[in-house]
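Me: I would like to go through a few labels with you and see what each one rests on. Could you set the values against the cut-offs as we go?

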Amino acid sequence: MKFAAAISSAADAEEAVHDVIERLHPTASSFDLAMIFYTPHFSGDADSIAQTLIDEFDLPCIIGNSCEGVIGNRQEIEKGPALSVLVGKLPGVRIQPFHLSQSQWQAALTDVDSLNDHFAMNADTQAVLGMGDPWTTPVGNILQKFNDLRPGIPLIGGMASGARKAGENVLLFNDARFNEGMVGLSLSGAINVETVVSQGCRPIGRTHLITKGQGNVIEQLGGRPALEVLEETVNALNDQDKLLLSSGMLIGRAMNEYKSTLARGDFVVRSIIGVNDEVKAIGVGDRIKVGQTIQFHVRDAFTAHEDLNLLLATRQTKQPAGALLFTCNGRGTRLFDRQHHDAQHADHLMPNVPLAGFFAAGELGPVGGHNLNHSHTASFALFSDLKS
């Protein structure tokens with residue numbers, strides 16, 4: 001198994017693709033797949049870029065999407081034109097690409113066999129990669145059905161970014177371009193795909209049990225008004241942690257209610273989107289149920305760095321053959337005080353591993369064995385031979 005990655009910031013599409021080709025050629029003359037990510041500057045040329053790569057490397061499979069910024073090896077290009085490519089030669093691996101259009105979702109989500117077929121999965125599928133248009137992809141329903149259909153199989157990827165309205169994102173499926181739906185591929189056979197999902201948050205205070213609420217509204221925690229518990233938690237913070245609240249308070253829902261001790265990584269983190277002073281309730285960016293355990297969280301650059309370091313340092317795949325990174329467009333220089341943070345830290349812990357990816361409007365990846373849609377997250381797919 002072999003991967004290679006290349007990135008170009010050339011402003012001309014033809015120059016950018018040939019720049020990438022020149023960097024990839026020393027590694028191999030043909031590949032089994034390519035995943036390409038490009039800023040909106042190249043959306044109009046996406047199909048010709050794909051065709052050039054197909055012709056140059058005899059590619060049977062290529063998928064890609066437009067995005068606000070791209071990632072390649074040690075670089076993160078957040079502004080200006082850029083193209084990033086990850087190619088792979090995967091002996092013994094079945095690669096099955098797909099495009100699910102907006103018109104196909106209803107049928108796919110109401111029929112288990114149809115969804116399985118649309119995602120091109122079989123008995124030995126190891127992982128599914130997916131990149132969707134956020135306006136035309138019902139990602140919450142998809143993840144729920146996918147988790148029910150194939151528990152334990154990771155669905156990892158991200159939502160296209162950089163567009164201001166529906167129809168502006170451009171997805172690639174081989175040499176065809178689409179403005180809606182989801183493109184992706186399933187990987188089956190002799191490949192191991194490890195996922196690392198860094199939410200970059202730290203729990204504060206103590207855990208609480210939801211004792212009253214419905215939908216996305218928490219009314220009571222431990223029999224007390226939820227807003228009172230939140231205010232009590234905030235008042236108990238030290239001055240340094242209180243400064244972090246300018247970016248907003250977060251809430252973490254425990255993925256395993258029966259775990260005796262909960263710590264960082266045991267929660268799926270969502271935003272607090274509003275409060276109701278009259279009834280002392282909290283609105284959150286998630287559906288909640290009575291009986292769930294929650295804990296308030298904060299996020300800052302130091303915590304995000306620390307979390308990423310911890311999760312990558314404890315990964316099981318010590319030397320991946322290649323990697324994809326889907327990172328939130330709220331990270332990068334919007335969070336850290338320097339450019340290339342996630343890409344360079346990944347390279348520090350996984351030296352010389354070919355890596356590509358993009359800044360997403362929502363990152364897909366599993367936490368606690370459940371595939372979820374995240375925000376402010378760095379979501380990695382690490383590829384290696386099944387024997388590794």
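**Labels and the values behind them**

Me: Why is Cys 201 called buried?

Reply: Cys 201 has a relative accessible area of 3%. Buried means under 20%, so with 3% Cys 201 takes that label. Please keep in mind that this is a predicted model.

Me: And what makes Cys 328 buried?

Reply: The relative accessible area of Cys 328 is 5%, and the limit for buried is under 20%. Cys 328 is therefore buried as well.

Me: How many disulfides does a search of the whole structure find?

Reply: The search comes back with 0 disulfides. Cys 201 takes part in none, and the nearest cysteine sulfur to its own belongs to Cys 328, 11 Å away.

Me: How do you know that the sulfur of Cys 328 is too far from the closest cysteine sulfur for a bond?

Reply: The closest cysteine sulfur to that of Cys 328 is in Cys 201, at 11 Å. A disulfide needs the two sulfur atoms within 2.5 Å, so 11 Å is too far for a bond.

Me: On to charges. What makes Arg 74 and Asp 347 a salt bridge?

Reply: Their closest N and O atoms are 3.0 Å apart. The rule asks for a side-chain nitrogen of Lys or Arg within 4 Å of a carboxyl oxygen of Asp or Glu, so the pair qualifies.

Me: Where in the chain are the two partners, Arg 74 and Asp 347?

Reply: Arg 74 is in the loop between strand S4 (70-72) and strand S5 (75-77), while Asp 347 is in helix H9. The pair links distant parts of the chain, 273 residues apart.

Me: Which of the words buried, partly exposed and exposed fits Arg 74, and which fits Asp 347?

Reply: Arg 74, at 40% relative accessibility, is partly exposed, because that label runs from the 20% limit up to the 50% one. Asp 347 is at 18%, and buried means under 20%, so Asp 347 counts as buried.

Me: How do you know that Asp 241 forms a salt bridge with Arg 202?

Reply: The closest N and O atoms of Asp 241 and Arg 202 are 2.9 Å apart, and the limit is within 4 Å. Asp 241 sits in helix H7 (residues 239-244) and Arg 202 in strand S14 (residues 201-203), so this pair ties together parts that are 39 residues apart in sequence. Asp 241 is buried at 11%, whereas Arg 202 is partly exposed at 23%.

Me: Glu 219 and Lys 212 are listed as a salt bridge too. What makes that pair count?

Reply: Their closest N and O atoms are 3.7 Å apart. With a rule of within 4 Å, that distance is accepted, so the pair is a salt bridge. Glu 219, at 24%, is partly exposed, and Lys 212 is partly exposed at 40%. By this rule the count comes to 10 salt bridges.

Me: Why can Asp 12 belong to a surface patch of negative charge?

Reply: Asp 12 gathers in that patch with Glu 14, Glu 15 and Asp 45. Patch members need over 30% relative accessible area, and Asp 12 has 40%, which also makes it partly exposed. Asp 12 lies in the loop between strand S1 (2-8) and helix H1 (13-24).

Me: What makes the phi of Asn 352 worth pointing out?

Reply: Most residues other than glycine have a negative phi. Asn 352 is not a glycine, yet its phi is positive, about 65 degrees. Asn 352 lies in the loop between helix H9 (341-349) and strand S23 (355-360). With a relative accessible area of 71%, Asn 352 is exposed, since exposed means over 50%.

Me: What is the phi of His 376, and why is His 376 called partly exposed?

Reply: Phi of His 376 is near 60 degrees, again positive in a residue other than glycine. His 376 is found in the loop between strand S25 (370-374) and strand S26 (378-385). Its relative accessible area is 31%, which falls between the 20% and 50% limits, so His 376 is partly exposed.

Conventions. Residues are numbered from 1 along each chain as its sequence is written. This is a predicted model: local features need pLDDT of at least 70, side-chain atom pairs count only at pLDDT 80 or more; totals for chains, interfaces and linings use all residues. Side-chain values use heavy atoms; hydrogens and water are left out. Patches are made of residues with over 30% relative accessible area and no salt bridge: like charges are joined within 9 Å, nonpolar side chains (Val, Leu, Ile, Met, Phe, Trp, Tyr) within 5 Å. Accessible areas come from the Shrake-Rupley method with a 1.4 Å probe; for residues, only the protein chains shown count as cover. Lys and Arg count as positive and Asp and Glu as negative; His and the chain ends are not counted. The place of a charge is taken as NZ of Lys, CZ of Arg, CG of Asp or CD of Glu. Helices (H or I, at least four residues) and strands (E, at least two) are DSSP runs, numbered from the N terminus. Buried means under 20% relative accessible area, exposed over 50%, partly exposed in between (1.4 Å probe, protein chains only).
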